[in-house]
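Please open the model in your viewer and keep the sequence panel beside it, since this tour moves from one selection to the next. At each stop, make the selection first and then read what is there.

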Amino acid sequence: MSSEEGARQREAHPNGLAQNGQSPKRKELILNAFAMNTPGHLSPGLWRHPTNRTAEYKKLRFWTDLAKLLDEAGFHALFIADVLGCYDVYRGPANHGPALQCGAQFPINDPLYLAPAMAAVTKNLAFGITASTTYEHPYALARKFSTVDHLTDGRVAWNIVTSYLDSAARNFGLDKQVAHDDRYAIAEEYMDVLYKLWEGSWRDDAVVEDKTTGVYAEPDRVRQINHEGKNFNVAGPHICEPSPQRTPFLFQAGTSKSGRLFGARHAEVIFAGAQLPEKLRPSVDAIRHLAKEQGRDPYHVKVIASMCMIVAETDEAAEAKHAELLSWGNREGALALFGGWTGVDLSTYTDDEDFRFVKLPMIQSIIGGWADTVPGSKDLKWNKARIAEYLILGGMNAKVVGSPKTVVDELERWVEIADIDGFNCSHATNPGTFEDIISLVIPELKKRGLFRANVKTGATAREQHFGQSRLLDDHPGSKFKWPSTREVPEYLSG
């Protein structure tokens, strides 16, 4: 999609730019909090900081306190990442020591169990839960998410991942990961199975709860799906009755060619990352173009950029806070995360090596991109120490440091240039970073008309974003719906 075509589409879209050269119509931004059920998510070593409580990740009170804080502030969702293996490439092979020593995404607990408890103490906050299509059978996953969708009154979202760690593959009996494109081919069939279970196994009027006749559900309105495919054979029927959303709200974060196509077809919110909005814009345009090719409204895919905000009352105070937070970081943990994300063990290189010039194209590309975009670093040597320092606060995400005005100016710049819909806010400390965003950034956003002033109490996750609880008509999962007016779902009747 060209920039001109994108501009025309935004003019026609409710959240787009105004026409005829007028000032842009300001969209209300989506804000999600980004966390993980572990001591250290994207800021290794910071679990020790006085404003960080993530060492309490095993305690339900930590999560319910966080959920209430975010809910009262108007955050759209708490998005919880997950992995199924440890980051064991650095100082490897299969060495979990550097990550474990500083709690860098290891140990880690299952995030799904947190959602019902957090829903019980909140009114509107949605919960984005990560689960893998590679290592969990679709029949079991369908049951889990239907259960949680019931218990949260429709406030659960599924972050669809295909997993990327060799350590995870070994935990599930494989020698190494399933090949990248094969994982997405499996995921495509996986989604068909899920749509059949969630949308097409129980007719809309199947549950009658008739106490007079004693009939809870009409058997002839519940059908087996009888899916027989290359990767899965699932008879059905779905063992859960339809939940408020049926299909949970769908998140996704793949950035490869296969990942983008999968996201453009299935996702309702896509998380994307880059160091500058100018670098992100081509990816956003590609996603929207692919969504249109799939028969979807390009703006029925919300794109959220990853961002780590370090904010204080003034720019100078924010810079001092940044330096203070950095002093708590753990270099070994940062390099362990880098190894997991890239598959490259930096311990095999000298401490003085400038990674802009190593004979490894992927690393040259990553480090060269940072050197070109991180303020004040173009002429610095990007050795292991520099890489670790960059990653310690917020990982590989974009970062902004400054006063509320400085931070929101930058957020607005991202929205205008990259054509995004909001931000996935990573934290240096939890709840410290989120408390700063709530007290300093959100008031500035509201002052500029960039954040919602009112929230519809009791809305489902999808309803918050698209005004209805069920999949939109242009979503591929909609063809599996089984309305009460049909004998069988539409996809079966040709």
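Helices and strands are DSSP runs, numbered from the N terminus, with at least four residues for a helix and at least two for a strand. Keep in mind throughout that this is a predicted model.

**Stop 1: the two domains**

Begin by colouring residues 30-329 together with 398-492 as domain 1, and residues 342-392 as domain 2, which is how the protein is divided. If you place a marker at the C-alpha centre of each domain, the two markers will lie 30 Å apart. Where the domains meet, 14 residues of domain 1 are in contact with 11 residues of domain 2. Between them the two domains bury about 1000 Å², and 63% of this area is on carbon and sulfur atoms. Now select V89, Q275 and L326, which supply 44% of the area that domain 1 buries against domain 2, more than any other three residues.

**Stop 2: the loop between β2 and α3**

Next, select β2 (77-81) and α3 (97-101), and look in the loop between them for P93. The peptide bond that runs from G92 to P93 is cis, and its omega is near 10 degrees. A94 is also placed in the loop between β2 and α3, and its phi is near 50 degrees, which is a positive value in a residue other than glycine. Most residues other than glycine have a negative phi, and most peptide bonds are trans, so departures from either pattern are worth a look.

**Stop 3: two further loops**

Move on to D153, which is found in the loop between α5 and β4 (156-161). Although D153 is not a glycine, its phi is positive, at about 55 degrees. Then select P431, in the loop between β13 (422-426) and α15 (432-447), and display the peptide bond from N430 to P431, which is cis with omega near 20 degrees.

**Stop 4: α5 against α7**

Show helix α5 (residues 138-151) together with α7, and turn the view until you can see their axes, which come within 10 Å and cross at roughly 50 degrees. That angle makes α5 oblique to α7, and the crossing in which α5 passes α7 is right-handed. To see the contact itself, show the side chains of P138, Y139, L141, A142, F145 and S146 on α5, and of Y190, V193, L194, L197 and W198 on α7. What classes of residue make up the contact of α5 with α7? There are 10 nonpolar residues and 1 polar residue, with no charged residues.

**Stop 5: α7 against α8**

Keep helix α7 (residues 180-200) on screen and add helix α8 (residues 257-266), which packs with α7 at an angle of about 15 degrees, the axes being 10 Å apart. Angles under 35 degrees count as roughly parallel, and therefore α7 is roughly parallel to α8. The crossing of this pair is right-handed. On the α7 side, select H180, D181, Y184, A187, E188, M191 and Y195, which meet S258, G259, F262, R265 and H266 in α8. Coloured by class, the residues of the contact of α7 with α8 divide into 5 nonpolar, 4 polar and 3 charged.

**Stop 6: α8 against α9**

Finally, leave α8 displayed and add helix α9 (residues 277-293), where the two helices pack at an angle of about 50 degrees with their axes 8 Å apart. That makes α8 oblique to α9, and their crossing is right-handed. The contact is made by R260, L261 and A264 of α8, together with S283, A286, I287, L290 and A291 of α9. By class, the contact of α8 with α9 has 6 nonpolar residues, 1 polar and 1 charged.

Definitions and conventions:
Residues are numbered from 1 along each chain as its sequence is written. This is a predicted model: local features need pLDDT of at least 70, side-chain atom pairs count only at pLDDT 80 or more; totals for chains, interfaces and linings use all residues. Side-chain values use heavy atoms; hydrogens and water are left out. Axes are lines fitted to C-alpha atoms, for helices over the stretch in contact, and angles run from 0 to 180 degrees between N-to-C directions. Angles under 35 degrees count as roughly parallel, over 145 as roughly antiparallel, 65 to 115 as roughly perpendicular and the rest as oblique. A crossing is left-handed if the near helix is turned anticlockwise from the far one by less than a right angle, and right-handed if clockwise. Contact means heavy atoms within 4.5 Å. Ala, Val, Leu, Ile, Met, Phe, Trp, Tyr, Cys and Pro count as nonpolar, Asp, Glu, Lys and Arg as charged, and the others, Gly among them, as polar. Domain bounds come from an automatic or database domain assignment. Buried area is the accessible area (1.4 Å probe) that two parts lose on being put together, summed over both.
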